[in-house]
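Okay, thanks for coming, everyone. I'll put the structure up and then walk you through a few charged pairs, a proline and some helix packing.

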Amino acid sequence: MEENELPTGERSPLYRFFEMLPAALSIATPLAVIVLTVVDLRLAVAFVAVFVAITIFKGLRTGIDAIRGYRRLRAAESVDWGQLNAELDLVLDRSSSASPRLGLPRALPAPFAARHTELLARLRSEPAGKTAPSRLVHAVVVAAYNEPYEVMAPSIRALTESSIGAENLVVVFAHEERGGEQMRDSVRLLELEFGHLFRAFLPVEHPAGLPDEIPGKGGNITYGGRYLARWVEEQGIDPESVLVTTLDCDNRVHPAYFDYVSYEFVRARDPQRLSFQPISLFVNNVWHAPAPTRVIAAGNSLWNLTSTMRPFSLRNFASHTQPLAALIEMDFWSRRTIVEDGHQYWRSFFHFRGDYGVVPVHVPIYQDAVLAENLPRTLRAQFKQLCRWAYGASDVPFVGVRMLERERAAAPFGATLRRFILLLDSHVTLSTIAPMLAFGVWIPSWFAELFGKTLHEPSESILVNGISETERLAQILGLGTAQVTTPSVQAFIQPIPDFADRLAALLPFLVDSVRPLATVAVVVTIVLTLLTLPPRPPEVSRLRNLGMIAQWVLLPITMICYNALSAITSQLRLLLGRYRESFDVTEKAAVPGANPDDARFDVEMWSSHRRSSTG
């Protein structure tokens with residue numbers, strides 16, 4: 001599998017080019033405004049106008065998709081996926097034990113009704129090769145390092161509350177040897193309290209210092225996955241009927257998640273070349289987290305809502321499900337990256353030669369917002385987490401070389417190119433959009449005030465350091481001044497100022513449009529965030545309700561100091577060849593006064609609360 005792994009040691013020149021590309025474009029974006037301002041103010045203003053217009057378009061699309069994503073989540077939560085699976089069982093296997101789950105028919109929400117009718121018709125006419133939902137085996141690989149028992153226990157308890165039945169789940173608790181004796185004690189306690197409820201509870205300790213891997217989650221869950229594969233073989237289970245879900249130890253699954261995944265697995269025409277992606281909502285401990293991390297967690301949650309409405313650009317993130325047979329074939333996850341979740345998409349895409357996709361699962365897996373022992377440690381942990389996520393820019397060279405080096409090409413060029421552009425754009429946008437909107441768009445205005453320059457002033461009359469704009473243009477084009485004034489060259493460059501003038505005239509309108517649109521976006525964000533909140537714990541003051549709204553004054557600060565700065569930090573590491581070869585585990589502290597016995601996480605109560613608050 002070496003050809004489908006990240007390189008170690010010295011990189012090729014082409015690989016280094018793609019490693020440097022994200023940072024180069026992130027730096028070049030504001031630098032282009034400065035250079036164009038010096039060359040021709042009209043071109044600078046036009047560049048800013050285009051940037052603002054693109055940002056407005058992306059913002060509108062994101063807002064619409066976030067609302068659609070929330071509506072789809074609510075619709076999916078109202079579906080009895082177990083009952084739908086029972087109907088599929090009756091079509092595929094008349095002797096299925098799932099038939100007692102059939103209840104009275106009920107109307108399905110619009111997004112799912114037509115698809116279910118079509119699926120039933122297809123299975124009746126083409127049942128061959130399909131596995132009945134009741135015959136699927138769900139395995140869960142839970143990754144842990146040194147987290148407190150109080151953090152892990154509610155996550156395992158949530159598995160026991162799955163509608164598919166805990167007795168149908170195989171839990172592989174993959175923990176690190178580096179976690180020490182305290183982690184071993186916690187694992188023994190988890191096994192004692194919950195192990196008997198599952199089909200199997202398999203503690204697996206990942207040894208430290210294994211060759212050809214960096215310390216991190218990828219090596220841990222791969223070690224656990226290989227153990228699972230051996231167990232499945234010993235039990236005589238077909239790997240093609242086993243679905244593997246990876247979870248962090250603070251993740252709490254929605255009760256219907258595994259039933260929903262079973263349904264989508266049966267619905268897919270080639271499920272072995274798919275993975276299934278739920279919506280990660282960072283809300284478990286959000287009432288106890290400080291305001292800055294609440295804002296960041298809410299932004300991440302809404303982005304995940306948005307992503308599920310964009311199937312083409314949807315990628316693996318955090319928790320996801322993939323068939324065991326496919327994982328065995330591609331040797332599970334990468335052991336050389338600190339972003340094994342997003343990178344798994346690209347490993348799968350190239351392993352299956354482009355014939356791979358991600359299916360959205362419109363129910364949540366609830367995760368923790370960043371919360372450490374105190375505020376300074378929490379803020380540091382949050383930045384480290386975002387830096388680790390942003391290091392997904394390391395996928396840019398992984399994809400780029402496989403796109404251009406045809407002897408290594410494993411997927412069609414066009415399909416790879418489209419995905420590469422989306423990948424590169426996502427990382428550059430993350431690092432540039434906040435600083436550009438805060439500062440970059442005003443560079444032409446500042447320069448104009450500084451030099452007394454106007455848009456319609458003749459180019460030849462404006463001197464900077466004694467050089468006219470015509471002379472500067474000649475230098476840029478590598479021509480003499482006389483050559484620049486020839487008819488052929490003028491015919492090429494004359495339309496540029498005219499076009500720039502027209503774009504520049506739109507800039508005041510575009511900038512003015514950003515303010516009301518930004519206000520609407522913030523209102524939509526606040527509303528969706530409040531709708532996805534769990535009930536306020538009794539020990540939390542009612543004043544925190546106001547804090548959940550007031551916190552949004554921090555949004556500009558978090559976007560620049562956390563989102564943008566973490567992105568450019570990770571990109572600069574790639575630019576300079578200072579690779580991250582260790583996994584910074586996000587510190588996880590139990591909420592104040594947490595007790596697994598009396599502070600239980602009740603996902604059914606949560607769903608009921610949300611339905612009653614929005615019904």
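Let's begin with a pair of charges: E181 forms a salt bridge with R188, and their closest N and O atoms are 2.9 Å apart. By salt bridge I mean a side-chain nitrogen of Lys or Arg within 4 Å of a carboxyl oxygen of Asp or Glu. Before I go on, please keep in mind that this is a predicted model, where local features need pLDDT of at least 70, side-chain atom pairs count only at pLDDT 80 or more, and totals for chains, interfaces and linings use all residues. Residues are numbered from 1 along each chain as its sequence is written, and side-chain values use heavy atoms, with hydrogens and water left out.

Back to the pair. Are E181 and R188 buried or exposed? Neither, really: E181 is partly exposed, with a relative accessible area of 44%, and R188 counts as partly exposed at 44% relative accessibility. The cut-offs are under 20% relative accessible area for buried, over 50% for exposed, and partly exposed in between, using a 1.4 Å probe and protein chains only. And this pair has company, with E181, R184, D185, R188 and E205 linked in a network of salt bridges.

How many salt bridges does a search of the whole structure find? It finds 20. As a reminder, side chains of opposite charge can pair when their charged atoms come close.

Here are two more. E176 and R178 meet through their side chains in a salt bridge, at 3.5 Å from N to O. E176 counts as buried at 3% relative accessibility, while R178, at 35%, counts as partly exposed. Then there's E19, which forms a salt bridge with R16, the closest N and O atoms being 2.6 Å apart. E19 is buried too, with a relative accessible area of 2%. These two sit in helix α1, residues 13-39, and because they are 3 residues apart, E19 and R16 are separated by about one helical turn.

Now let's zoom out. The chain has 22 helices and 10 strands. Those are DSSP runs numbered from the N terminus: helices are H or I, at least four residues, and strands are E, at least two. Of the 615 residues, 53% count as buried. Among the contacts in the chain with a separation of 6 or more, 83% are between residues 24 or more positions apart. Contact here means heavy atoms within 4.5 Å.

P148 is a nice spot to look at. You'll find P148 in the loop between β1 (137-144) and α5 (149-160). P148 is partly exposed, with a relative accessible area of 24%. What does P148 touch, leaving aside residues up to four places away in sequence? K588 and A590. The C-alpha atoms of P148 and C249 are separated by 9.7 Å, and these residues are 101 apart along the chain.

On to the helices. Two packed helices are described by the angle between their axes and the distance between the axes. The axes are lines fitted to C-alpha atoms, for helices over the stretch in contact, and angles run from 0 to 180 degrees between N-to-C directions.

Take α12 (residues 375-390) and α21 (residues 555-576): their axes come within 8 Å and cross at roughly 50°. So α12 and α21 are oblique to each other. For the labels, under 35 degrees is roughly parallel, over 145 roughly antiparallel, 65 to 115 roughly perpendicular, and the rest oblique. The crossing of α12 and α21 is right-handed; that means the near helix is turned clockwise from the far one by less than a right angle, and anticlockwise would be left-handed. On the α12 side, the contact residues include L379, F383 and L386, and on the α21 side they include Y562, L565 and A567. By class, that contact has 9 nonpolar, 5 polar and no charged residues. Here Ala, Val, Leu, Ile, Met, Phe, Trp, Tyr, Cys and Pro count as nonpolar, Asp, Glu, Lys and Arg as charged, and the others, Gly among them, as polar.

α21 also meets α9 (residues 291-307), with axes coming within 10 Å and crossing at roughly 80°. That makes α9 roughly perpendicular to α21. P292, V295 and I296 in α9 meet L555, T558 and Y562 in α21, and the classes are 5 nonpolar, 1 polar and no charged.

That's my tour, happy to take questions.
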